Amino acid sequence: MSRSSGRKPFGEEGRFALTDDEVSFLRELVRSRTKFVMVGMAAANLQGADKGTNDIDLWFKTTSDVGLDDAARSVGGLFAWRANPPTLTGKALARVDVVNKCHGLDGFNREYEGALDVEIEDFTVKMLPLDRIIASKTAADRPKDRAALPALHAALLGRKIMLKK
């Protein structure tokens, strides 16, 4: 059942907004102990990068985890695991993408261990740190990744300056 599609600010200075359904989906993934890491520009925006994005990239330890489909169904969606690539479907999950590989990074387990714990409402999600997002964007080397690098480097520098204060 789909709930309100209104977006609420999330992250530093409300740089990125999640819908109620997206929050519910993430909460259900956490509740079911499905291992995932938020990667890409949504994760970067939540760490201060000033570069727009409309999607939420999630990297899963395994796409065969039953919690993934259960979480999708909890917001009226489905997980098409036999699709190539595996895909989340449904209006509530239109902005959520399943990432199969992050270029330039270590394996999932190692990146999961080094991921940041970010609180969303009453639960915590794992998020790829800015330096690892930069490594992945650099390795992928697509035009859109190259275009994002200045904003990512600026955000990383800003975080380093803030930590020194």
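Reader: What makes strand 9 (residues 123-127) mostly covered?

Author: In this predicted model, four of the five residues of strand 9 are buried. Buried means a relative accessible area under 20%, so strand 9 is described as mostly covered on the strength of those four residues.

Reader: How do you know that strand 8 (residues 116-120) pairs with strand 9?

Author: Pairing requires at least two bridges between the strands. Strand 8 and strand 9 are joined by five bridges, and therefore they count as paired. The two strands run antiparallel. One of the residues involved is Asp117, whose bridge partner in strand 9 is Lys126.

Reader: What lies between strand 8 and strand 9?

Author: Two residues separate the strands, which form a hairpin. In the turn, Glu121 has a positive phi of about 50°.

Reader: Why is Thr63 called partly exposed?

Author: The relative accessible area of Thr63 is 27%. Buried residues have under 20% and exposed residues over 50%; because 27% falls in between, Thr63 is partly exposed.

Reader: Where does Thr63 lie, and which residues is Thr63 in contact with, leaving aside its neighbours within four places in sequence?

Author: Thr63 belongs to the loop between strand 4 (56-60) and helix 3 (66-74). With those neighbours set aside, its contacts are Leu68, Phe79, Trp81, Pro86, Val98 and Asn100. Contact here means heavy atoms within 4.5 Å. The C-alpha atoms of Thr63 and Thr87 are separated by 9.8 Å, although the two residues are 24 apart along the chain.

Reader: How do you know that the reach of helix 6 (residues 143-164) is close to the one expected?

Author: Helix 6 has 22 residues, and from its first C-alpha to its last it reaches 33 Å. The expected span, at 1.5 Å a residue, is 32 Å. Helix 6 nevertheless has a kink of about 35° at Leu149, shortly before the proline Pro150.

Reader: Which residues of helix 6 are buried, and what covers them?

Author: The buried residues are Asp145, Ala148, Leu149, Ala151, Leu152, Ala155 and Leu156. Their cover includes helix 2 (40-45) and helix 5 (130-140).

Reader: What makes up the lining of the largest pocket?

Author: The lining consists of 20 residues, and those nearest the centre of the pocket are Asp57, Lys137, Arg142, Lys144 and Asp145. Helix 2, helix 5 and helix 6 each supply at least two lining residues. Helix 5 provides the largest share, with four residues. The volume of this pocket is about 440 Å³.

Technical notes: Residues numbered from 1 in each chain as written. Predicted model: local features only at pLDDT ≥ 70, side-chain atom pairs only at ≥ 80, totals over all residues. Heavy atoms only, no water. Expected span 1.5 Å × (residues − 1). Bend = angle between axes of the 7 residues up to and from the residue. Buried < 20%, exposed > 50% of the residue type's maximum accessible area, 1.4 Å probe, protein only. 1 Å grid on protein atoms, 1.4 Å probe; cavity = no way out; pocket = protein on both sides within 12 Å on 5 of 7 lines; lining within 4 Å. Points joined across faces, edges and corners; volume = space filled by probe spheres on them.
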